[in-house]
Amino acid sequence: MTTGATLEAIGRPVDRVDGPAKVTGHGRYSAEITLPNTAYAALVGARTASGRITGIRTEAAERADGVLAVLTHQNLPKIAGRPALLPSLAGHAAPGESFFPLQDDVVHYFGQPVAVVIADSLERAHFAARQLHVDYDRRPSVTTLDEGRDQAYEPEAIFAGFLPARSVRGDVEAGFQAATQRLDATFHFAANHHNPIEPSATTAVWDGDRLTLYDATQGIVATQSTVAALLGIPPSKVRVRASFVGGGFGCKAMIWPHVTLAALAAREVGRPVKLALTREQMFTSCGHREEQEQRIELGATDDGRLTALRHHKLSLTSPFDEWAEPSLGMAGQVYACPHYEGVYRLIRSNTMTPTFTRGPGETTGMYAMECVMDELAHRIGVDPVQLRLRNHAEADPHTGHPWSSDGAEECYRRGAARFDWQSRNPEPRSERDGNRLIGKGMATAGYPVLFPMQPQRARARLYADGTAVVQAGTQEFGTGAPTAMTQVAADGLGVALRNVRFEYGDTDLPNVAAAVGSAGAGMISAAVYTAATTLRDQMIEQAIADPGSPLHQADPATVVVREGRMQLRDRPDTGESYRSLMARHFMTDLEALGSWSPPPQDLPYGLATFGAQFAEVAVDPDLGTVRVRRMVGAFAPGRVLNAKTARSQVVGGMLWGLGQALLEGSSTDPRDGRWANASLGEYLVPVNADAPDVAVEFVEVPDTVVNPLGVKGLGEVGMVGAAAAIANAVFHATGYRARELPIRIEHLL
């Protein structure tokens with residue numbers, strides 16, 4: 001590799017390249033793809049949480065106008081196999097749960113698909129679905145923590161088997177004996193649902209033995225691999241396309257049964273079939289953040305140095321998978337505590353398998369940790385920022401390995417300065433604005449740096465007119481990936497941004513893993529940059545070998561490329577353009593495939609992105625209402641690829657944190673196990689009227705470990721710590737410690 005790249009586009013606040021297509025309506029989302037002769041499928045969900053189907057009366061549905069087929073467990077073809085549950089970063093089949101419906105008469109959870117009705121219009125399909133009558137032998141169910149508390153157990157592993165259920169370092173009892181301060185707090189978290197604007201939707205069409213899926217997914221390759229495994233066909237027979245996805249937040253990271261059911265329905269009726277979930281079905285078909293309880297016991301010295309941390313989590317999982325979001329990860333790593341014990345316990349319940357949900361694990365685990373840290377700071381009379389600086393881990397406490405890059409201390413300082421933290425009176429209920437109590441709180445943000453498990457690939461092609469096309473099999477679900485990758489490709493090739501087009505959204509392109517766990521920017525940019533610089537180096541080598549080139553026999557290390565022109569670094573007047581070299585050699589185009597292999601799993605570094613969150617709230621003491629007035633976040637994500645889209649990602653995450661703190665919560669009706677508030681009318685999310693002023697600071701820290709550009713990932717860390725900062729501000733305003741989320745009006749009255 002030469003050093004011929006100059007970073008001129010990367011980092012700039014470039015407008016979205018896909019913006020015009022979206023605002024003019026030319027961009028098509030998966031549910032908007034309508035092929036000729038498309039039929040429509042409607043799912044019928046179980047109306048009980050546990051039991052068996054004793055009968056299905058399909059006659060009325062089959063007689064309804066336009067109905068093409070009614071599929072139940074009695075006539076649906078059996079799937080070929082059930083691939084293991086894997087996080088989609090693995091790049092293999094990634095089903096959302098190991099269970100697949102309509103294979104027998106057993107009902108495991110409310111809303112489980114028990115039938116699929118296919119008709120020639122959407123309205124007819126849903127009308128016919130309502131004519132179906134299903135009889136059940138209902139059984140007792142477990143759908144809440146309290147119902148299953150006596151059945152809790154400690155598994156061997158969680159998170160699809162990737163993480164141990166118990167983690168210990170040092171001697172936690174000895175750490176508590178050395179403590180002069182001890183805190184013990186239990187936190188309860190309501191279940192959360194994702195609720196992207198675009199519900200999940202799939203259109204399936206067969207051409208002989210080849211299947212094409214237009215799917216709303218965060219991982220087109222994961223969809224391809226999962227559906228192929230379930231149908232028992234080679235992945236090469238499955239093509240997945242997804243140009244625009246209307247949000248995911250984790251529910252579109254794993255591949256849920258409706259995608260394969262669409263393919264089975266299309267094969268059954270011999271025409272394209274579109275299956276779009278209803279808003280209510282989004283609560284029962286795409287996973288969720290599980291209801292959970294966390295208990296933290298913290299030991300510290302009188303000056304606030306941590307001596308012991310015991311962090312236990314109890315949560316609901318499905319009858320078939322041992323899933324728990326990894327809530328104890330960052331909470332046990334971010335501070336230098338020598339003695340630690342983290343334990344997960346599960347309750348098998350009548351729910352579908354939970355899944356990744358907006359900062360999975362870190363948002364809940366760090367909430368508990370940061371609220372207890374705030375309580376410790378108040379008890380011993382130490383400023384909350386100073387307490388965190390005092391305990392910041394200089395290396396990963398679990399392994400002793402240094403962080404690949406840090407930046408946490410600078411985040412605390414810059415965030416505090418931007419927020420004017422020093423003006424805060426630490427005494428609760430000490431600040432007012434009229435009748436309202438004013439509170440200010442802060443918390444640490446932290447999120448692991450994750451890698452895919454296999455090489456990531458991209459392709460770059462340069463044309464004789466100086467333009468370039470770069471391709472990667474990824475998808476756009478609101479993060480701005482096409483824009484950032486256009487910038488990466490432009491700098492890798494050394495051409496103007498306007499001369500690069502990034503193509504994506506198709507498994508026929510070079511494959512990359514699903515963009516989950518805030519890993520998308522790092523892994524996709526690494527592949528794109530590798531492809532672009534490989535192609536650039538080929539052009540430089542050809543110029544150096546060409547007697548007709550001004551660069552003939554130059555040292556490649558001295559050649560740089562700017563605006564499509566290769567030139568000597570110290571003598572920029574000596575060089576030539578890509579166009580002139582290609583014209584002289586009668587070349588119409590040249591391409592290169594770039595492959596980036598992620599670092600090994602046993603990398604001798606701690607891997608995390610750090611940040612600091614600050615929030616100000618106003619609480620009405622008579623009404624119990626909380627308004628967040630302003631938020632400040634400072635984050636150290638390595639290199640920022642696009643300042644504008646990065647800020648947008650972080651602001652969105654911080655507002656999700658507001659939702660976690662004050663609004664979002666799903667509850668179950670124990671009578672039948674259904675989600676009691678399965679609509680956007682009753683499941684509350686932040687809207688524009690809730691949004692405060694949000695300020696963001698980026699602390700760019702060099703990181704030569706994670707990938708060629710030092711990109712650590714950013715999207716989800718913006719949510720981590722935001723809810724805790726708000727809860728700590730509520731305490732500062734009122735003296736109330738929030739042990740339950742969301743914080744409700746009745747908690748403050």
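Helices in this tour are DSSP runs of H or I with at least four residues, numbered from the N terminus, and the model in which they are found is a predicted one.

**Helix α7 and the residue after it**

Begin by selecting residues 257–269, which make up helix α7, and then extend the selection to G270, which follows α7 and has a positive phi, near 70°. The helix has 13 residues, for which a rise of 1.5 Å a residue predicts a span of 18 Å, and because its end C-alpha atoms are 18 Å apart, the two values agree. If you colour α7 by accessibility, you will find it mostly covered, with 11 of its 13 residues buried; among them are P257, H258, V259 and, at the last position of the helix, V269.

**The sheet beneath the helix**

Keep α7 displayed and add the strands that it lies across, namely β1, β3, β5, β11 (201–207), β12 and β14 (273–276), noting that the helix runs at about 40° to β11. These strands belong to an open sheet of 7 strands with mixed pairing, in the order β3-β5-β1-β14-β11-β12-β13. At its edges stand β3 (67–72) and β13 (238–241), each of which has a single partner strand, so one side of each is left without a neighbour in the sheet. Neighbouring strands of the sheet are turned against each other by 20° on average, if direction is ignored.

Next select helix α3, residues 122–131, which also packs on this sheet, touching β1 (39–45), β3 and β5 (113–119), with its direction at about 25° to that of β1. To finish with the sheet, move to the edge formed by β13, where β12 (residues 210–215) runs parallel to β13 and is joined to it by 4 bridges; L211 has V238 of β13 as its bridge partner.

**A hairpin**

Now go to residues 559–562 and 565–568, the strands β23 and β24, which pair in the antiparallel sense over 4 bridges. R562 is bridged to R565 in β24, and of the 2 residues between the strands of this hairpin, you can select E563, which takes a positive phi near 55°.

**N707 in its loop**

The last stop is N707, in the loop between β31 (693–698) and α15 (722–734). Is this residue buried or exposed? Its relative accessibility is 6%, and because buried means under 20%, N707 counts as buried. Its side chain reaches the backbone nitrogen of G710 at 2.8 Å, while a polar atom of that side chain lies 2.7 Å from the backbone oxygen of V711. Beyond its neighbours within four places in sequence, N707 is in contact with G522, A526 and W596.

Key: Residues numbered from 1 in each chain as written. Predicted model: local features only at pLDDT ≥ 70, side-chain atom pairs only at ≥ 80, totals over all residues. Heavy atoms only, no water. Buried < 20%, exposed > 50% of the residue type's maximum accessible area, 1.4 Å probe, protein only. Polar contact = N/O pair within 3.5 Å; in protein donor to acceptor, adjacent residues only side chain to side chain. Contact = heavy atoms within 4.5 Å. Pairing = 2+ DSSP bridges. Axes fitted to C-alpha atoms, helices over the stretch in contact; angles between N-to-C directions. Expected span 1.5 Å × (residues − 1).
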